[in-house]
Amino acid sequence: MKKRTKTILGVVAVIVIAAIVIPMYISRQHTTFRAEVTDHMSMLDTLDILIIKKIPTTDPYDQEEVTIKDPQEIRKMLKLAKDIELRRVKQIDISERSKGTPYYYDWQLLTKKEDRFTEGFGITFYNEHAVSIYSGYKTRDKLENYEITNDFNLSEVERLFTNLKEGKK
């Protein structure tokens, strides 16, 4: 009886541990753009600068760049991405990057944290299904790759980029 009781307790312990660990692991894999970027900005933070680069997949050195220093314009750009739902992936398939769009966008966002120091984010939109986020606030795993799990319209980013490039509002 003792061996059977130990076996049953061992199986129950494994099931309980699995019931706790598996949901924690799964919830860690799903996140949002808001949780990864904008939630790390407080009311005392200042949106300092946003540099947007449009980089062709065929020639990364032939890029276009727009620098935005107006906090209202930066908020408008961040609003485009705030509702993106993400799922962590180990790596992004580079061959998928060029399908559909001959270019990708690289955002470099700098915020002043309570006028004491600057924190940076690097956000690379490869296409409507893949994004990489570099988070300056993290101490480890600063660069994470994500799959976009809901609808994201990269053409809206293109439209705003073109308007900013031409100087329109």
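This is a short conversation about how to read the predicted model shown above.

Visitor: Hello! Where should I start: how many helices and strands are there in the protein?

Guide: Welcome! Keep in mind that this is a predicted model. The protein has five helices and eight strands. Read from the N terminus, its elements follow the order α-β-α-β-β-α-β-α-β-β-β-β-α.

Visitor: What holds the strands of a sheet together?

Guide: In general, strands of a sheet pair through backbone hydrogen bonds, and the pairing can be parallel or antiparallel. Here, eight strands make an open sheet with antiparallel pairing, in the order E1-E4-E8-E7-E6-E5-E2-E3. At the edges are strand E1 (30–32) and strand E3 (64–68), each of which pairs on one side only. From one strand to the next, the twist averages 25°.

Visitor: Could we look at one pair of strands? Over how many bridges do E5 and E6 pair?

Guide: Strand E5 (residues 103–113) and strand E6 (residues 117–127) are joined over nine bridges in the antiparallel sense. To trace the pairing in the picture, find Lys 113, which stands opposite Phe 117 in E6. Then find Gln 108, which stands opposite Gly 122 in E6.

Visitor: And which residue in E5 does Thr 46 stand opposite?

Guide: Thr 46 faces Lys 112 in E5. That belongs to the pairing of E2 and E5, which is antiparallel and runs over 10 bridges.

Visitor: Which strands does helix H3 touch?

Guide: Helix H3 (residues 71–81) packs on the sheet and touches strand E2 (46–56), E3, E5 and E6. The direction of H3 makes about 60° with that of E2. Helix H5 (residues 154–166) lies across E2, E3, E5 and E6 too, and runs at about 80° to E3.

Visitor: Is there a residue that shows this packing? For instance, is Met 77 buried or exposed?

Guide: Good choice! Met 77 sits in helix H3. Its relative accessible area is 1%, and the cut-off for buried is under 20%, so Met 77 counts as buried. Beyond its neighbours within four places in sequence, Met 77 contacts Leu 50, Ile 52, Ile 68, Trp 107, Leu 160 and Leu 164. Take Ile 52: it is 25 residues from Met 77 along the chain, and the C-alpha atoms of the two are separated by 9.9 Å.

Visitor: What share of the contacts in the protein comes from residues 24 or more positions apart?

Guide: Among contacts with a separation of 6 or more, 65% are between residues 24 or more positions apart. As for burial, 37% of the 169 residues in the protein are buried.

Visitor: Now the surface. Which residues form a nonpolar patch there?

Guide: Look for Ile 8, Val 12, Val 16, Ile 17, Ile 20 and Val 21, which together have about 520 Å² of accessible area. One of them, Ile 20, is in helix H1 (residues 2–29). With 48% relative accessibility, Ile 20 is partly exposed. The protein as a whole exposes about 10900 Å², of which carbon and sulfur atoms supply 56%.

Visitor: I have heard of salt bridges. How many does the structure hold?

Guide: The general idea is that side chains of opposite charge can pair when their charged atoms come close. This structure holds eight salt bridges. In one of them, the side chains of Lys 54 and Glu 158 meet at 3.1 Å, N to O. Lys 54 is in strand E2 and Glu 158 in helix H5, so this pair ties together parts 104 residues apart in sequence. Lys 54 is buried, at 14% relative accessible area, and Glu 158 is buried at 18%.

Visitor: Which helix holds both Lys 76 and Glu 73?

Guide: Both lie in helix H3, where they are three residues apart and therefore separated by about one helical turn. Their side chains meet in a salt bridge at 3.6 Å, N to O. Lys 76 is partly exposed, with 34% relative accessibility, whereas Glu 73 is buried at 11%.

Visitor: Which residues are joined into one network by salt bridges that share partners?

Guide: Lys 82 and Asp 83 form a salt bridge whose closest N and O atoms are 3.4 Å apart. Through shared partners, Arg 34, Lys 82 and Asp 83 become one network. Lys 82 is partly exposed, at 28% relative accessibility.

Key:
Residues numbered from 1 in each chain as written. Predicted model: local features only at pLDDT ≥ 70, side-chain atom pairs only at ≥ 80, totals over all residues. Heavy atoms only, no water. Pairing = 2+ DSSP bridges. Helix = DSSP H or I, 4+ residues; strand = E, 2+ residues; numbered from the N terminus. Axes fitted to C-alpha atoms, helices over the stretch in contact; angles between N-to-C directions. Contact = heavy atoms within 4.5 Å. Patch = residues over 30% accessible without salt bridge, like charges linked within 9 Å, V, L, I, M, F, W, Y side chains within 5 Å. Areas by Shrake-Rupley, 256 points an atom, 1.4 Å probe, with all protein chains shown as cover. Salt bridge = Lys/Arg side-chain N within 4 Å of Asp/Glu carboxyl O. Buried < 20%, exposed > 50% of the residue type's maximum accessible area, 1.4 Å probe, protein only.
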